[in-house]
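The following note was prepared for a colleague who wishes to examine the model before using it. Please read the numbered points alongside the sequence and the coordinates.

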Amino acid sequence: MTRRTMVRKWILYGLCALALLAVQDMVLVYIRVGGVHPFLLPALALIPVTLERSGQSLLYALFFGLACDLLMPTGVFVCFYCLVFFGSAFLAQLLSGQVIVAGLFCSLAVSAAGLLLCGLLRILLLRYQQGISTGPALMLLGKELLLSLAATPLVHFPFSRICRLTRGE
């Protein structure tokens, strides 16, 4: 694969992630079930990792997390998303290369792992910092997980299309 093709592929992934972020912020925040809405950021960070399985995909997850930290003031601590998405990307790369074949099921699995890691770390830190109750927080995490996994195909199919289009170049 030439350098030009590789750059074009990652630009397409970035533009797709940007478009899906707009959908997350303009549409999905208004879909509330049980007090939660779908949270697609872990899927946006991890699905390209499962499709590409390269060092570049780990960098994508790292920089996507950094962009989330810079643009969204909802992180629990500085570089929260950067660290969580980068750590989840390693797990996703191992899962997609060794355990599960890249596809919709793999995307669901790594999205669930990313959501769980993100949510559990957030609950742990908020429990320590603000003394929140663990039971209700875990219940909200479970609802968010189910709703987000139902929306994961919205992320998987555009990213897999980009992967197929750029693989033949």
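Where is Cys-79 found? Cys-79 lies in the loop between H3 and H4; further remarks on this residue follow in point 6.

1. Basis of the note. The model is predicted, so local features need pLDDT of at least 70 and side-chain atom pairs count only at pLDDT 80 or more, while totals for chains, interfaces and linings use all residues. Residues are numbered from 1 along each chain as its sequence is written, and side-chain values use heavy atoms, with hydrogens and water left out.

2. Overall fold. The chain has seven helices and zero strands, where helices (H or I, at least four residues) and strands (E, at least two) are DSSP runs numbered from the N terminus. The radius of gyration is 16 Å, close to the 15 Å that the globule rule gives for 169 residues, so the chain is as compact as a globular protein of that length. That radius is taken over C-alpha atoms, and the rule is 2.2 Å times the number of residues to the power 0.38. The C-alpha trace spans about 50 × 30 × 30 Å along its principal axes.

3. Burial, surface and contacts. Of the 169 residues, 44% are buried (under 20% relative accessible area; exposed is over 50%, partly exposed in between; 1.4 Å probe, protein chains only). The accessible surface is about 9000 Å², and carbon and sulfur atoms account for 71% of this area; the Shrake-Rupley method with a 1.4 Å probe was used. Among contacts (heavy atoms within 4.5 Å) between residues at least 6 apart in sequence, 72% join residues at least 24 apart.

4. Helix H2 and the salt bridge. Twelve of the twelve residues of H2 are buried, including Pro-42, Pro-48 and Thr-50. The cover over these residues includes H1, H3, H4, H5 and H7. The structure holds one salt bridge (a side-chain nitrogen of Lys or Arg within 4 Å of a carboxyl oxygen of Asp or Glu). This bridge joins Glu-52 to Lys-9, with the closest N and O atoms 3.0 Å apart. The pair links distant parts of the chain, since Glu-52 is in H2 (residues 41-52) and Lys-9 in H1 (residues 3-26), 43 residues apart. Both partners are buried: Glu-52 has a relative accessible area of 13%, and Lys-9 has one of 4%.

5. Glu-144. This residue, in helix H6 (residues 134-151), deserves inspection. Glu-144 is buried yet has no salt bridge, and the nearest side chain of opposite charge, Arg-122, is 4.3 Å away. (Lys and Arg count as positive, Asp and Glu as negative; His and the chain ends are not counted.) Neighbours within four places in sequence aside, Glu-144 is in contact with Val-36, His-37, Phe-39 and Arg-122.

6. Backbone angles. Cys-79 has a phi near 65°, a positive value in a residue other than glycine. At 30% relative accessibility, Cys-79 is partly exposed. Arg-53, just after H2, also takes a positive phi, of about 50°.

7. Asp-25. Asp-25 belongs to helix H1 and is partly exposed, at 48% relative accessibility. Asp-25 and Val-36 are eleven residues apart in sequence, and their C-alpha atoms are 14 Å apart in space.
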